[in-house]
Number of protein chains: 2
Amino acid sequence: MAAKKKARIARPEIPRKTVYRLSIYTRCLQRLLANGIHTVSSEALAGAAGVKSPQLRKDLAYFGQFGTRGLGYDVEQLIQMIADLMGTDHLQPVVLVGVGNLGTALMSYRGFEKEGFGVHAAFDVQHDRQRDERVKQPVFPMEKLADYVAEYHVRMAILCVPPEEAQEVANELVEAGVMGIMNFAPTVLQVPDEVTVNNVNMAIELENLSYFVQQ
Amino acid sequence: MAAKKKARIARPEIPRKTVYRLSIYTRCLQRLLANGIHTVSSEALAGAAGVKSPQLRKDLAYFGQFGTRGLGYDVEQLIQMIADLMGTDHLQPVVLVGVGNLGTALMSYRGFEKEGFGVHAAFDVQHDRQRDERVKQPVFPMEKLADYVAEYHVRMAILCVPPEEAQEVANELVEAGVMGIMNFAPTVLQVPDEVTVNNVNMAIELENLSYFVQQ
DNA sequence: AAATGTGAAGTTGTTCACAGCT
DNA sequence: AGCTGTGAACAACTTCACATTT
C-alpha cells in the first residue's frame with residue numbers, strides 16, 4: 001500500500017515554496033551586502049524580494065529565530081544560515097547528461113558556478129561529436145557515468161536528453177546514486193520517492209505566458 | 001487605496017497552477033493521439049500527467065463540460081479546446097533580447113516552434129558580435145525593437161540579458177507593447193499589473209534541488 | 001519606538017464522495 | 001455499470017494583528 005511519503009526526517013516539514021523563496025532572499029541579501037548594508041528589517045527585505053513581510057518572517061521562523069526585535073536581521077548571518085540550510089556553503093559537483101543545443105549552453109552558463117555548483121563533466125551517447133569550442137569540460141560516453149558519479153560523490157544531475165531517452169537515462173542516474181535531477185526534457189519522470197525531480201520546461205512556461213497575454 | 005487587482009475580465013478566475021497543468025495535459029493527450037487513442041478517462045489521463053483524477057476534472061470544469069459521463073473525454077476535442085484557450089492554435093511571434101550564451105541556445109531550441117511559438121528575431125546591444133553559426137534568425141540592435149514589436153504584433157518576449165540590464169530592457173519591452181515576458185535574468189522585475197512575467201531561474205532551481213538532496 | 005515571532009483568521013487549492021448522466 | 005461534474009470537507013499556504021522583546 002503506497003506508504004505515505006514520509007518526508008526526510010531531521011528536517012522540519014518545510015513548504016516547498018518556502019525553500020524556493022529562501023533562494024530569492026539570499027540574492028537580495030547579497031545585493032544588500034554588496035551595498036554595505038548589514039542590517040535589514042523584514043519589511044525592507046520582503047519588499048526587495050516581492051513578498052509581504054509576514055510571509056518572510058514565517059518563512060524564516062521555520063528554521064529558528066534569527067532576528068532582533070526592534071532592529072531586524074543581520075544580513076551576513078542570514079546569508080550564512082540560508083547557505084547552510086540549502087547546502088550551498090560548499091561547492092557541489094553536478095553532472096550533465098545530453099550535450100545537445102541546450103546542454104551545451106548550460107555547460108558554459110556561468111550562473112551555476114557562481115552559486116556553488118560545478119558542472120565538471122558531461123555525458124552523451126555521442127561523446128566525441130563536434131561541439132562548440134566554448135565547452136571546456138570533458139564529455140564522456142554514457143558508460144562512464146556510474147563510475148564518475150561514485151568517484152566524485154555526485155548527488156545532482158542536469159538532464160537535457162531528448163524526451164524519448166529521458167526516462168531511461170533517469171533510471172541510470174538513479175541507479176548510479178544521483179538523488180536530485182533537474183529535468184529539461186518534456187516528460188514526466190518516474191523515480192523512487194527519495195529522489196527529487198525539478199522540471200524545467202521552457203515550452204510550457206511560454207505557453208503559460210501565452211494564456212495570460214491574450215487580449 | 002490599492003485597488004484590488006481585478007484579474008482580466010471575460011475569463012473566469014483560473015488558478016495559475018491549473019493553467020500550468022493544462023499544458024501538461026495537452027502533452028499527454030498528444031501522445032495518446034499519436035498512439036491512436038481517441039477517448040480517455042479522467043483516471044487514465046490524470047495518471048499519465050501525474051495528478052489525481054478529481055484534480056483533472058476540476059481543472060477542466062473551469063472551462064465548461066467536455067466529457068461524456070460513462071465514457072470519458074474525446075482526446076482531439078480536448079486538445080483543441082486547450083489550444084484555443086492557451087492561444088496556441090495559431091503561431092505566435094516572440095522576440096528574444098540578449099543573445100549571449102543562453103540566448104543563443106534558446107534561439108536554436110526547437111522546443112518552442114514545435115509548440116507554436118516562433119522566435120523570428122532577436123535583439124542585442126552588440127547585434128553584430130560573432131555568433132554561433134546555428135543561429136539562423138537575424139539579430140538586430142536594440143533601437144529596432146519597438147518598431148519590430150509594433151510591426152509584427154509581438155506580444156511575448158524572452159529576456160536573457162545580464163541582471164543589471166534586465167529592468168531597463170523590460171521597461172523598453174513594456175513600452176513597445178509586449179504583454180508577457182519570460183525572464184531568465186535573476187532579477188525581480190517591476191512591471192505594470194497588466195503585464196505578466198514568468199521567471200525561469202535555473203540557478204534557483206538547482207539550489208532548490210540541493211536542499212532536497214542533502215542526506 | 002521599532003520590529004520580531006506567532007496564534008488565529010482568512011484565502012486558496014486539493015481531495016473526497018456521491019448524485020446524475022449516458 | 002461506468003465515469004463525469006460538483007458541493008462539501010479538508011489541507012496548505014498567506015495574511016493579519018498583536019503580544020513580546022530589544
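In this predicted model, helix α3(A) contributes five residues to the surface near DNA strand C, the largest share from any element. That surface draws on both protein chains, since at least two residues each are supplied by α2 (42-49), α3 (53-61) and β3 (72-74) of chain A and by α1 (16-34) and α3 (53-61) of chain B. In total, 26 residues surround DNA strand C, and the closest are Q65(A), G67(A) and G70(A) from one chain together with R69(B) and G70(B) from the other. Classified by side chain, the surface near DNA strand C comprises nine charged, nine polar and eight nonpolar residues.

Within chain B, helix α1(B) packs against α2(B) (residues 42-49) at an angle of about 105°, the two axes lying 9 Å apart. Because angles of 65 to 115 degrees count as roughly perpendicular, α1(B) is described as roughly perpendicular to α2(B). The contact involves R21(B), I24(B), Y25(B) and C28(B) on the α1(B) side, and L45(B), A48(B) and A49(B) on the α2(B) side. Of these contact residues, six are nonpolar and one is charged, while no polar residue takes part.

Chain A also contains an open sheet of six strands, arranged in the order β6-β5-β4-β7-β8-β9 with parallel pairing. Its edges are formed by β6 (139-140) and β9 (196-199), each of which pairs on one side only. Strand β8(A) (residues 180-183) pairs with β9(A) in the parallel sense over four bridges, and M182(A) stands opposite N198(A) in β9(A). Helix α8(A) (residues 163-176) packs on this sheet, where α8(A) touches β4 (92-97), β7 (156-159) and β8 of chain A, and the direction of the helix makes about 165° with that of β7(A).

How values were computed
Residues numbered from 1 in each chain as written. Chains lettered and ligands numbered in written order. Predicted model: local features only at pLDDT ≥ 70, side-chain atom pairs only at ≥ 80, totals over all residues. Near = placed C-beta within 6 Å. Nonpolar A, V, L, I, M, F, W, Y, C, P; charged D, E, K, R; others polar. Axes fitted to C-alpha atoms, helices over the stretch in contact; angles between N-to-C directions. Parallel < 35°, antiparallel > 145°, perpendicular 65-115°, else oblique. Contact = placed C-beta atoms within 7 Å. Pairing = 2+ DSSP bridges.
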